[in-house]
Amino acid sequence: MRTDTGQIVQLADYRPTDFVLERVDLTFELDPQNTKVEARLIFHRREGADKASPLILDGDELTLSSLLLDQIEMPTAQYDVTPERLTICDLPEEIPFEICVTNYINPESNTQLMGLYRTNGVYCTQCEAEGFRRITYFPDRPDVLAPYTITIIAAKEGNPLLLSNGNFLGGGNYDEGRHFAAWFDPHPKPSYLFALVAGDLGVVEDSFTTMSGREVALKIYVEHGKEPRATYAMDALKRSMKWDEERFGREYDLDIFMIVAVSDFNMGAMENKGLNVFNDKYVLADPETATDADYANIERIIAHEYFHNWTGNRITCRDWFQLCLKEGLTVYRDQEFSSDMRSRAVKRIADVRHLKSEQFPEDGGPLAHPPRPLSMRRAPKSPV
């Protein structure tokens, strides 16, 4: 059993990467125990960076299958690899270059529910804060942003849905028994906002017309039979989109917005660009049993994750020491939304009661810390 307590990370140690990531192309061939991941990454050396500096990519329990530089197999003397890091030397000094990393992962055995995992027959991802490195070797930090093109290949049986971030490019048959879908997110994003969902789910569909006249398709995916319980979440989503336009002038910037609600998700909800993933208790409401508080929570959390589209996704944090910026500003936005949808006075009373019962005791106890700490401890490895 591992007993390490995690690496200490210092705010003062922050440095920009030596290489700029220009583009990400990911291809997944999904298999419950042996998923193939191919990552084609375009980099160029940052101006002013040391011309001898290596490219360092993060990993977590990964095994490298192949490594190409500009489509040519890289000699083993040019790189060093461990399950936690891939270090590549002797790279071009001025021109862009392509690194192609291939590895295999086991979604079904991923009990951490970080990275790509499979549960109840559904493939799902969770990448905040550092889960993407469990999918492939990558510069897994929030200040590395790039547009993503995603191709998902999977068995038709059991996986009619192949979802990822951005706009749907198309799909079809791939080979006998398998099909594919391609997605493109034109807005540069960090790896923690990547999402992939594949499986067999029911859907509630609607649409929203933005203030500039664009029609956005809205889809909420839930387990089959639970569709009627997602209607309030859809209504809350549409009201959130309209309110953000009217209050802050923020118009949604893709052709489709999707929410996936699954039972096994280790976060309450996650604002992945264009493809939010929720624990379904924050999406589903049965009129026969749901309380007023249940409806208010669904409305608030749906709005919060949608509002992250601008405060957190399009405008993101430099490093995890700035987490309070994207979360604090988005909490303010969801509080204002709830105040406008319901009673401003009642909402203010609820917020103050929460501060007094939770935040004040923390600030007055041994867990007190500044909004931006000077250091943090990276989570240790799970016992194995």
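**Exercise 1. Locate Phe248 and describe its surroundings at the surface.**

Phe248 belongs to helix α1, residues 231-248; helices are DSSP runs of H or I with at least four residues, strands are runs of E with at least two, and both are numbered from the N terminus. The model is predicted: local features need pLDDT of at least 70 and side-chain atom pairs count only at pLDDT 80 or more, while totals for chains, interfaces and linings use all residues. Residues are numbered from 1 along each chain as its sequence is written, and side-chain values use heavy atoms, with hydrogens and water left out.

The next step is accessibility. Phe248 has a relative accessible area of 33% and is therefore partly exposed; buried means under 20%, exposed over 50%, and partly exposed in between, with a 1.4 Å probe and protein chains only.

Finally, Phe248 joins Leu329 and Tyr332 in a nonpolar surface patch with about 270 Å² of accessible area together. Patches consist of residues with over 30% relative accessible area and no salt bridge, with like charges joined within 9 Å and nonpolar side chains (Val, Leu, Ile, Met, Phe, Trp, Tyr) within 5 Å. Accessible areas come from the Shrake-Rupley method with a 1.4 Å probe, and for residues only the protein chains shown count as cover.

**Exercise 2. Determine which parts of the chain are tied together by the salt bridges of Arg247 and Arg342.**

A salt bridge is a side-chain nitrogen of Lys or Arg within 4 Å of a carboxyl oxygen of Asp or Glu.

Step one: Arg247 pairs with Glu336 at 2.8 Å, N to O. Arg247 lies in helix α1 and Glu336 in helix α3 (residues 323-341), so this pair ties together parts 89 residues apart in sequence. Arg247 is partly exposed at 35% relative accessibility, whereas Glu336 is buried at 12%.

Step two: Arg342 pairs with Glu299, also at 2.8 Å, N to O. Arg342 sits in the loop between α3 and α4 (344-363) and Glu299 in helix α2 (residues 292-307), so the pair ties together parts that are 43 residues apart in sequence. Arg342 is partly exposed at 42%; Glu299 is buried, with a relative accessible area of 3%.

Step three: a search of the whole structure finds 37 salt bridges. The side chains of Arg214 and Glu251 form one of them, at 3.5 Å, N to O.

**Exercise 3. Identify the residues that touch the most other members of the largest nonpolar core.**

A nonpolar core is a set of buried Ala, Val, Leu, Ile, Met, Phe, Trp, Tyr and Cys residues joined through side-chain atoms within 4.5 Å. The largest core holds 64 residues, and Phe28, Ile99 and Phe194 touch the most other members. Another core lies apart from it and comprises 32 residues, including Ala230, Ile301, Tyr306 and Phe307.

For Phe194, contacts (heavy atoms within 4.5 Å) beyond its neighbours within four places in sequence include Leu26, Phe28, Cys127, Phe132 and Ile150.

**Exercise 4. Assess whether the protein chain is as compact as a globular protein of its length.**

Begin with the elements: the protein chain has four helices and 22 strands. Its radius of gyration is 22 Å, close to the 21 Å given by the globule rule for 384 residues, so the chain is as compact as a globular protein of that length. The radius is taken over C-alpha atoms, and the rule is 2.2 Å times the number of residues to the power 0.38. Of the 384 residues, 47% count as buried.
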